[in-house]
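Hello,

I am passing this structure on to you, with notes on what was found in it. Please open it and follow along as you read.

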Amino acid sequence: MKTVTAVELLVRQMEAEGVSYVFGIPGGPLMPLYEAIFSRKKIQPILTKHEEGAAFMAEGYARVSGKLGVCCATTGPGATNALTGIACAYSDSTPVLLLTAQVGTAAFGKGALQESTVHGVDLVSIFSPITKLSVMIPTAEKMGEMTRRALRTAQSGRPGPIHLNIPADIAKHPVPLEVFPPMNYRGGKPAPTIMDVVRVAELIFHAKRPAILAGHGIECAKAWEELLDFAELTGIPVATTPKGKSSFPENHALSLGVFGFAGHQKATDYLLSGDVDVLIVIGSSLGDWQTNSWDPRLTPSVALIQIDIDPMEIGKNYPVDVGINADASETLKALILCIRSSGKMLKKPALPLETKEQTAFQEIDHGTEGNGIHPAMVVEAMQNRLPADTILFVDNGSCINWGVHCYLAQTPGAFQIGLGLAAMGHAVAAAIGGKLAAPDRPVVALVGDAAFAMNGMEIHTAAEYKIPVTWIVLNNGGHGLVHLGEQHQFDSKFDISSFRKSIDFCKMAESLGVKSYRAETVEDFDAALKGALAMNTPCLIDVQVDIDVLPPGMKQRFDMLNKSYAGERYTAPIG
């Protein structure tokens, strides 16, 4: 049998998985991996500026493509730098493979440079709590078997990251060439039982005022078409969680918009009215931001149906009447088939038109006269200028509030937020991976200046590889949400969140090879965005916005935090 090095076997197995890119920084014991990638010439290595950026890019690529994202780091600090990015992938159920190097086995326990074994800073143990699998390859002969196990683990059930740690002397050891197609070591998607499908169908047939709450699980399963077909077949209105935004078109007649943090009044009025008898929750853990801090009024009068690929999420926060542990796509297909083949007439619920129809922008108070543009006006200009198929990565901070509440997501996967861990700087780098996954769709990142400061050097990566992402930086001179918390929670007794000198992102971008624009008015911004989209090259727009505008949802959030400090239970008010 033909032999190859152990690390080449790993590369060939990744090729069989359809891996096209590896994001990372070479160095030391990691170099045999790059040698194998170079010799094969089928996977493109992307040189990033920091390993956290590499992990975020791999996560963004996996989010958009639905395929495995891969990043790599050398041993010691290279690997620990990737920790936050991998934790984000774990929190948001994204399949990412992290490959880390290790010193040679003969040096274990001897104090070798950057050794990261059980004798010191143990990489396998560090990554174990935030991956579905974290292992060191013990011998070269185990490379193929353990690689396939890791790949199966990452993409089976609830997706998530995995970590393989590769000692230097094992990497180049010869092993038999045995590469398997993925179908030989992975199973299919878990489907619901017939009994559960029939039971849910019967509840739908008898429901008078049902509702659907669609979460991030729809995005993970890429079940957008099935959700749309199911909603149109049954006439049931659909709200999404903040992480589930863009799982259902918000310009559709059945859309209630977003329910939860920074959500929409229409969704809140309908779901908390007390009139919902059957609530179908798909792919959501019903956590804090998805439920307005676990509002008890979300509980329906007849039945709560929760569909989730992870059995540990079912009934975790709200008691369920029907819990279905299955893939969202497979479950919706089965329900559609059951309802269509039953021959029964559906009592389609009346559309929720009790609330006066208004756009998200009309719900915002634009009356502030401060220093800079009102952020809602920036998002409104984006809405008017960006093509409907744009993929918008939104960073953590006040950008989430403005994006969730004001941006109208019309196409599948159009709105991406790393909200599981809510790490600042995620969108800066993740958008680069997202663009590589969707080269034919515009990709834009909406980020704050404080978040951009954390990973902004990664725009150089986009410039070097000619990856046309547009970064819109809401520049308010500091950590805007923290600043507002200092005002509204602590009566402005201190201000430690504002920069003493605002960052000039145009100078920064130009020095890194990225075209830049500065916008001080809405008209400036619209012209800059038009120009950036036309250039098809990496661009940055530095938008001067008002730091003192209170974003939607933050009053309730501050109230919740205040009660939390006092040890009180918080229940969000309607509205």
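Thr117 touches Gln102, Phe108, Asp122 and Met136, leaving aside residues up to four places away in sequence. This is a predicted model, so please read everything below in that light. Thr117 sits in the loop that runs between β5 (96-102) and α6 (123-127). Is Thr117 buried or exposed? Its relative accessibility is 2%, and buried means under 20%, so Thr117 counts as buried.

A second loop residue to look at is Glu17, found between α1 (6-16) and β2 (21-24). With a relative accessible area of 10%, Glu17 is buried. Leaving aside residues up to four places away in sequence, Glu17 touches Leu151, Gln155, Pro182, Tyr185 and Arg186. One of these, Leu151, is 134 residues from Glu17 along the chain, and the C-alpha atoms of the two are separated by 8.4 Å.

Next come three helix pairs.

The helix just before Glu17's loop is α1, and its axis comes within 9 Å of the axis of helix α2 (residues 31-40), crossing at roughly 55°. Angles from 35 to 65 degrees count as oblique, so α1 is oblique to α2. The crossing of α1 and α2 is right-handed. On the α1 side, the contact is made by Val7, Glu8, Leu10, Val11, Arg12 and Glu15, and on the α2 side by Pro32, Leu33, Ala36, Ile37 and Arg40. Sorted by class, the residues of this contact are 7 nonpolar, no polar and 4 charged.

Helix α9 (residues 194-206) packs with helix α13 (residues 328-342) at an angle of about 60°, and their axes are 9 Å apart. That angle makes α9 oblique to α13. The crossing of α9 and α13 is right-handed. From α9, the residues in contact are Val197, Val198, Val200, Ala201, Ile204 and Phe205; from α13, they are Ala334, Leu335, Cys338, Ile339 and Ser342. How many residues of the contact of α9 with α13 are charged? There are no charged residues there; the contact divides into 10 nonpolar and 1 polar.

The third pair is helix α14 (residues 375-385) and helix α21 (residues 522-535), which pack at an angle of about 40° with their axes 10 Å apart. Here too the angle makes the helices oblique, α14 to α21. The crossing of α14 and α21 is right-handed. Met377, Val378, Ala381, Met382 and Arg385 of α14 meet Val522, Phe525, Asp526, Leu529, Lys530 and Leu533 of α21. By class, this contact has 8 nonpolar and 3 charged residues, with no polar ones.

Last, the cysteines. How many disulfides does a search of the whole structure find? The search finds 0. Cys220 is in no disulfide, and the nearest cysteine sulfur, that of Cys88, is 14 Å away. A disulfide needs two cysteine sulfur atoms within 2.5 Å, so a sulfur at 14 Å does not pair with Cys220. Cys220 is partly exposed, with a relative accessible area of 31%. Cys539 is also in no disulfide; its nearest cysteine sulfur belongs to Cys506 and is 11 Å away. Is Cys539 buried or exposed? Cys539 is buried, as its relative accessible area is 0%.

Regards

Conventions. Residues numbered from 1 in each chain as written. Predicted model: local features only at pLDDT ≥ 70, side-chain atom pairs only at ≥ 80, totals over all residues. Heavy atoms only, no water. Buried < 20%, exposed > 50% of the residue type's maximum accessible area, 1.4 Å probe, protein only. Axes fitted to C-alpha atoms, helices over the stretch in contact; angles between N-to-C directions. Helix = DSSP H or I, 4+ residues; strand = E, 2+ residues; numbered from the N terminus. Parallel < 35°, antiparallel > 145°, perpendicular 65-115°, else oblique. Left-handed = near helix turned anticlockwise from the far one by under 90°. Contact = heavy atoms within 4.5 Å. Nonpolar A, V, L, I, M, F, W, Y, C, P; charged D, E, K, R; others polar.
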